[in-house]
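Me: I would like a close look at a single part of this protein, explained for a beginner. Please keep to what can be computed from the model.

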Amino acid sequence: MVKYLWDDHLAPAPSDPLAECVYGSRLIGSDPAMVLHGGGNTSVKAPFFDITGEEVDTLWVKGSGWDLAGIEKEGFAPLPIRRLRRLLDVDSLSDLEMMRELSAARLDPAAPQPSVESLLHALIPHRAILHSHADAIVTLTNLADGADRIREVLGEGVLIVPYVMPGFDLARVVRDMWTSGGDGSTGMVLMNHGLFTYGETTRQAYRSHLKLISQAHRWLEAHAPLPAAAPSPLGRVDPVELARIRTEISRAAGRPLISVRHASAEVARFVGRADLPSVATRGPLTPEHVIRTKRIPLVGRDVAEYAAQYERYYQRNLHRARGETTMLDPAPRVVVDPEIGMLAVGATASDSQIASDIYHHTMPVLSRAEDHLGGYAALPEGDLFEVEYWDLEQVKLRRGGAYPELAGMAALVTGAASGIGRACAEELLKRGAAVTGLDLSPGVVDVFDSSGWLGVPCDVTHPAAQAEAVEKAVERFGGIDIVVVCAGIFGGVSPIAELDASEWRSVMAVNVDAAADLLSRVHPFLRLSPAGGRVAVVSTRNVPAPGPGAAAYSSSKAALTQLARVAALEWASDGIRVNIVNPDAVFDTGIWNEELLANRAAHYGIDVEAYKRRNLLGTPVTSAQVAEVVAELVSDRFAATTGAQIPIDGGNERVV
């Protein structure tokens, strides 16, 4: 059902029609059953006053790049209605010509690029227009007898428009239908696409929208109910198998991709269907989804066969492309498998989330149509190809610019709740990686609010807990490409003659034993990495230049460094590089406290502030600076470096 209802107490007054349109747009944009990841459109016809004070009859239409859920007034492009309607009188208009004319027609050149559906909104004489891809409506439009079903469910007052790609051609088709009796319609359904409603106010258009969607929803509940009982969620899958599939998908795409496993009861119900290969490959809910999910998912695990089929599909339909096509990417974006469940794939964790959201809405629609309504019937593959390789759709994917340098890579960072570990996780996220952070602190879960972050509370000294955390990382992001070993403790300060054996063992357990266990566990995933495995070990300046009173810490870090050097030797043939950073005096970390600072400063006979700047450059060293070096080491700029030890200490005369 519809998630949000119009609230007259919260809605702006009709005297401000653009503000009212913003409110209505946010209502439908915030409901994933109506608008999902950028779909849908809204507009209102309201005056625009130019610099001379002259009033212009204006269409305020949603601008490209704005999501309805968070749209503001600034997200609408003002266009002169008279000019738009005159454009519909020309014999033909290519997509690029149309967008150029729309862009040039903006009454405010700082406004966003107008929607591709601007001409359609302009020709409809009503002041307010709402367009959504409501699941209940789209279900009906994707049936073999969809037009008849819509007429049965929604009544004779709804104008039914055969699918035409949005733009000039669709606007012309609707204009012809409108002049032939469509002016009396209560709404308009575009087959395989969605619902338009209109009114003198956005409130009226929204009420009409809800009425039609509710009718469709009630009819589906009565005639095509979803199963009430769900099977148990799917079980464990070997994480190495998940990483293998992700690597094959990434290689088909030509770049690393994030792959997220979904194994809920809802997914289990769908992938458990005996007719899964047939139902799952019927096509998307709306043509626009193909740029996020591809035309069909991969059913099973044969990535190579899927890629070959996709290349054949590409070649069969290449002549349909309206403009220059992008480079072929035959890798799936959704995988459904009876044992795995669903894998949602994307160039980033956010892209993967979009694919997941879309397919979670697709599964119940497919099941309903197949089980109760005579089968699901999407657009033919040729029409879907036109959309997928349509310049105006491809620009949506390019709008955010180039992906960050570590996009598609999955990183694992230990000690990620604070200090250097947190800074490393933050820097990797900033550079586009998806990051799993391990830490003893439960607060690691909420350190970052990002689809690319997974915080796992974990005592790294417990092998079983660390193994479980690694498996969670692979389930969440598909594999592990980058490992940053950062968890560490300093221990007490005492001479060797007074060494506490239990404290020695505690420091060794965290700083060495846990790291050895982790490296052993992550090796299979690093070896499978489509980007080539990368490891950065955070050691210390104490390795080349130890200080008195820190025997456990210095010894543990020396052992850790030697472990990393051996890993560099053993793993080079697997394409895995292992490098070491040696920070010193990074005082914004949990290792340092006032007592330890005072103790170390007293040892050197100086005050605390002087102790903090005792390096050759006389400069403080921060966690963020260490993190930047770590991120560089795991970037492609150090692709030819392994086994290196990089000091980050401001310069030390005992090391230099």
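How many of the residues of strand 3 (residues 76–80) are buried?

Reply: A word on the source comes before the answer. This is a predicted model, in which local features need pLDDT of at least 70 and side-chain atom pairs count only at pLDDT 80 or more, while totals for chains, interfaces and linings use all residues. Residues are numbered from 1 along each chain as its sequence is written, and side-chain values use heavy atoms, with hydrogens and water left out.

In strand 3, 5 of its 5 residues are buried, and the strand is mostly covered. Buried means under 20% relative accessible area, exposed means over 50%, and partly exposed is in between, with a 1.4 Å probe and protein chains only. Strands (E, at least two residues) and helices (H or I, at least four) are DSSP runs, numbered from the N terminus.

In a regular strand the side chains alternate between the two faces of the sheet. For strand 3, both faces are covered. Phe-76, Pro-78 and Pro-80 are buried on one side, and Ala-77 and Leu-79 are buried on the other.

Strand 3 also has a partner. Strand 2 (residues 55–62) runs antiparallel to strand 3 and is joined to it by 5 bridges; two strands pair if DSSP finds at least two bridges between them. Within this pairing, Pro-78 of strand 3 has Trp-60 opposite.

Buried residues also turn up among the aromatic pairs. The structure holds 12 of these pairs. Rings of Phe, Tyr and Trp (its six-membered ring) pair if their centres lie within 6.5 Å; planes under 30 degrees apart count as stacked, over 60 as edge-to-face and the rest as tilted. In one pair, the rings of Trp-6 and Tyr-23 have centres 4.8 Å apart and planes at 90°, so this pair is edge-to-face. Trp-6 is in the segment before helix 1 (17–29) and Tyr-23 is in helix 1, so the pair links distant parts of the chain, 17 residues apart. Trp-6 has a relative accessible area of 9% and is therefore buried. Tyr-23 is buried too, because its relative accessibility is 15%.

Another pair is formed by Phe-490 and Tyr-553, with ring centres 4.6 Å apart and planes at 35°, so it is tilted. Phe-490 is in the loop between strand 15 (482–485) and helix 19 (501–528), and Tyr-553 is in helix 20 (residues 551–571), 63 residues apart. Phe-490 counts as buried at 10% relative accessibility, and Tyr-553 counts as buried at 9%.
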